[in-house]
Amino acid sequence: MDVVWSWFERPPGKAMLRGNVQPNADGHEEESAENGTSLKVHPFSLHNLSASSMPSLSLRLSPSSHDDEGSDSNEEAVSEPGANLGRIQFSMSYNFDTMTLVLHIKRAVELPAKDFSGTSDPFVKICLLPDKKNKMETKVKRRNLNPHWNETFQFEGFPYDKLQHRVLYLQVFDYDRFSRNDPIGEVHLPLCEVDLTESPTFWKDLRPCPNSNDNLGELLVSLCYQPTAQRITIVVMKARHLKAMDITGTSDPYVKIWLVYREKKIEKKKTSCKKRCLNPVFNESFIFDIPMDKMKETSFIISVMDKDTLKKNDVIGKVCLAPRSGPLETKHWKEMISKPRQPVAMWHGLKK
C-alpha cells in the first residue's frame, strides 16, 4: 500500500509575520515591526504521520556529544573565525646506515578553538607525499590549544636520493569522536629543501586546508519551539563569508530547508535568492507543526545553495539540526527545547 503524505496549508487566522530581525542584548535576534521587512511563514504539519504509516528505516545519525568530556552548555556558541591557525614545531634527522627518516613532532601553539566549549582536541596526521596511503598520526591531546606531543615516527627503507622527491605533509585536526574530524591547518615541506645531515628543527605556520569546511562560510539560524502549539519556527537570518562559486568571484545564494522524519525527506522549503552576494541577509521564517512524540526522530537539513540558470544549482554547504548531530547543532537543538517559546539564534559553520 502506498504511503500518502499530507501537507497542511496555513491555519486559519495565522497572519503573515512582518518585522525586522535585529540582535538583542544577549546575542539572539528578535523582531521589530519598524521597517516592515517580510518574514514569509510556511506551515507544515507532522500530526497526521503515524508510526504505522512510516516505512521502516534505519537511523544512521551521529550521536550527541552532550556527554563528551569538556563540553559546557554555558559556553558561547560561535566565535569569530580568525586568520591565525597556530604554529607547529618538529625536527628531522636521517640515519644513513638504516636509510631511515626520523621525524619528531614536538608541539603546537596558539591553535584555534574548534569546539563550542572554547577549545580543541588536536592531533597530527603525517605522510610523505605523493604517497597518501601510508599515514601515521600522533595521540589526541584533549582540550588543549598549546599541545605537547613529543612523539617520534620513522620512515624506514628510504634511500637519501629518493627522499629528495618527497614532501613532508603534516595536517593538524580537531578530534571528534561522534562526527568527522575537523581540519585545523596543514604544512607542506619539500625534503629537497632540507639538509638532513644537520638534524634541523622547524617552526611552521599552519596554513588553511583547501578542503576545510572553514572556507564554506557560516549561517545564522534561529529556532523557536512552542510546546502548546507543537510547532517549530525556523528563521533563516543571514550568512557570512560564503564561498564564491561563480567565476565572477561571487555567488547567488539561497537557503533550502528539508524537514526529515525517520531519515525520510518530508517537506522542502526555501528562501529567496540574493544575487551576487557572499554575505546575504534573508530574514525569512518557516513554520513546521511537529508533535512532541515525533521530535526525537525529526531533523532539519539546511543547505546554502548557489543558484545557477545554466546548470544544476551548487551546494555551498549545509547544516543538520537534530537531537543527534554535531556538537554545536545538538547544543542548538537542546537549547531550543529547554527554552520554549524563546527564539534561540546561533551561527553554524557550513559543512560539505
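Two residues are in contact here when heavy atoms of theirs lie within 4.5 Å. Keep that in mind as we walk through this predicted model.

Let's begin with a loop. D246 is found between strand 14 and strand 15 (253-261). Leaving aside residues up to four places away in sequence, D246 touches S251, D252 and D306. Now think about R276: along the sequence, D246 and R276 are 30 residues apart, while in space their C-alpha atoms are 9.1 Å apart.

Next comes the sheet. Which order do its four strands follow? The order is 17-14-13-20, in an open sheet with antiparallel pairing. Strand 17 (281-289) and strand 20 (344-349) are the edge strands, each pairing on one side only. On average, and ignoring direction, neighbouring strands of this sheet are turned by 25° against each other.

Two of the pairings involve strand 13, as the table shows.

| Pair | Sense | Bridges | One pair of opposite residues |
|---|---|---|---|
| strand 13 (residues 218-226) and strand 14 (residues 231-240) | antiparallel | nine bridges | S222 and V235 |
| strand 13 and strand 20 | antiparallel | six bridges | L219 and H348 |

A helix joins the picture too. Helix 2 (residues 327-338) packs on the sheet, where it touches strand 13, strand 14 and strand 20. The direction of helix 2 makes about 170° with that of strand 20.

Finally, is strand 20 largely enclosed or largely open? Five of its six residues are buried, so strand 20 is largely enclosed by the rest of the structure. Buried means under 20% relative accessible area.

Key:
Residues are numbered from 1 along each chain as its sequence is written. This is a predicted model: local features need pLDDT of at least 70, side-chain atom pairs count only at pLDDT 80 or more; totals for chains, interfaces and linings use all residues. Side-chain values use heavy atoms; hydrogens and water are left out. Two strands pair if DSSP finds at least two bridges between them. Helices (H or I, at least four residues) and strands (E, at least two) are DSSP runs, numbered from the N terminus. Axes are lines fitted to C-alpha atoms, for helices over the stretch in contact, and angles run from 0 to 180 degrees between N-to-C directions. Buried means under 20% relative accessible area, exposed over 50%, partly exposed in between (1.4 Å probe, protein chains only).
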